[in-house]
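This report describes the pockets of a predicted model. The sequence and structure are shown first.

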2 protein chains.
Amino acid sequence: MLTDEYFMEIALGLADEAAAEGEIPVGALVVCRNRIIGKARNQTEQLNDVTAHAEMIAITAATQHLGGKYLTDCTLYVTLEPCVMCAGALYWAQISRLVIAADDPKRGYSRHSAPILHPKTRVETGVMADESRALLTKFFRQLRT
Amino acid sequence: MLTDEYFMEIALGLADEAAAEGEIPVGALVVCRNRIIGKARNQTEQLNDVTAHAEMIAITAATQHLGGKYLTDCTLYVTLEPCVMCAGALYWAQISRLVIAADDPKRGYSRHSAPILHPKTRVETGVMADESRALLTKFFRQLRT
């Protein structure tokens, strides 16, 4: 059994790739029975598309791989707490488990008191949060200089 | 100046096309200065993708057309109230105006008390709602038989 840290490290690598392309550093993976079936980095700038968050692309890739719309036996690893759009997509996908590195007090879905995720989705936060926050802080510091 | 009903009728035509393909009948248009710059029907079944709601595809098409991420001078016409995912995408796109035909008391974004849309987005509901509801009712009636 591979650990959450193992998969989150790969997601952090994707976030780092995003930063190198001038994108806000966020990476996401969908894992099903220890296999990565979808992975993506944030590409909103590159694709000129507000819907091109890492989670959205990873969900689409995973469902294409499975040939089905639902991710009921899967875990999504993401380096930053999903926004409302991505949490809404995870609701539709009925993802089993969501593992988050850093929280997002400004744009994260959990700011909303009403539940947005599917009732069956288990959530874990804070897995390699410091590493994710370090990437984000470095990115925004470079943007300002 | 073309009317809201003019554009919503086109969105209803797209919803009808979705129904003919076995998809929940929802259609969406993005209109900018009286020109349609994005249009789509729900394609979740066909594409095996929970993110393939009409609104999401229309937003992506419109931003591709404009070459920019924001839809600040645009109106999105949609035949059914957007879900949380789509409302979250409309937030990021900063759409100026959202015109809805039928409401969705079960899955619509407005069930949530906290605001999900961008504060600058003006919303109008009930434009050709009866026509949209008739399409949805017919579709779900046929599904059950």
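With four residues, α5(A) gives the largest share of the lining of the second largest pocket. At least two residues of this lining come from each of α2 (44-47), α3 (54-66) and α5 (129-144) of chain A, and also from α3 (84-93) of chain B. The pocket is lined by 30 residues. Those that lie nearest its centre are Ile24(A), Leu80(A), Asp104(A) and Arg107(A), together with Trp92(B). Its volume is about 730 Å³.

The largest pocket holds about 840 Å³ of space. Here α4(B) provides the largest share of the lining, five residues. The helices that each supply at least two lining residues are α4 (84-93) of chain A and, from chain B, α2 (54-66) and α4 (129-144). Of the 32 residues that line the largest pocket, Trp92(A), Ile24(B), Asp104(B), Arg107(B) and Phe140(B) lie nearest its centre.

The table sets out the make-up of each lining by residue class.

| Pocket | Nonpolar | Polar | Charged |
|---|---|---|---|
| Largest pocket | 15 residues | seven residues | 10 residues |
| Second largest pocket | 15 residues | six residues | nine residues |

Both chains thus appear in each lining: α4 of chain A joins α2 and α4 of chain B in the largest pocket, while α3 of chain B joins α2, α3 and α5 of chain A in the second largest pocket. Near the centres, Trp92(A) is listed with residues of chain B in the largest pocket, and Trp92(B) with residues of chain A in the second largest pocket.

Notes: Residues numbered from 1 in each chain as written. Chains lettered and ligands numbered in written order. Predicted model: local features only at pLDDT ≥ 70, side-chain atom pairs only at ≥ 80, totals over all residues. Heavy atoms only, no water. 1 Å grid on protein atoms, 1.4 Å probe; cavity = no way out; pocket = protein on both sides within 12 Å on 5 of 7 lines; lining within 4 Å. Points joined across faces, edges and corners; volume = space filled by probe spheres on them. Nonpolar A, V, L, I, M, F, W, Y, C, P; charged D, E, K, R; others polar.
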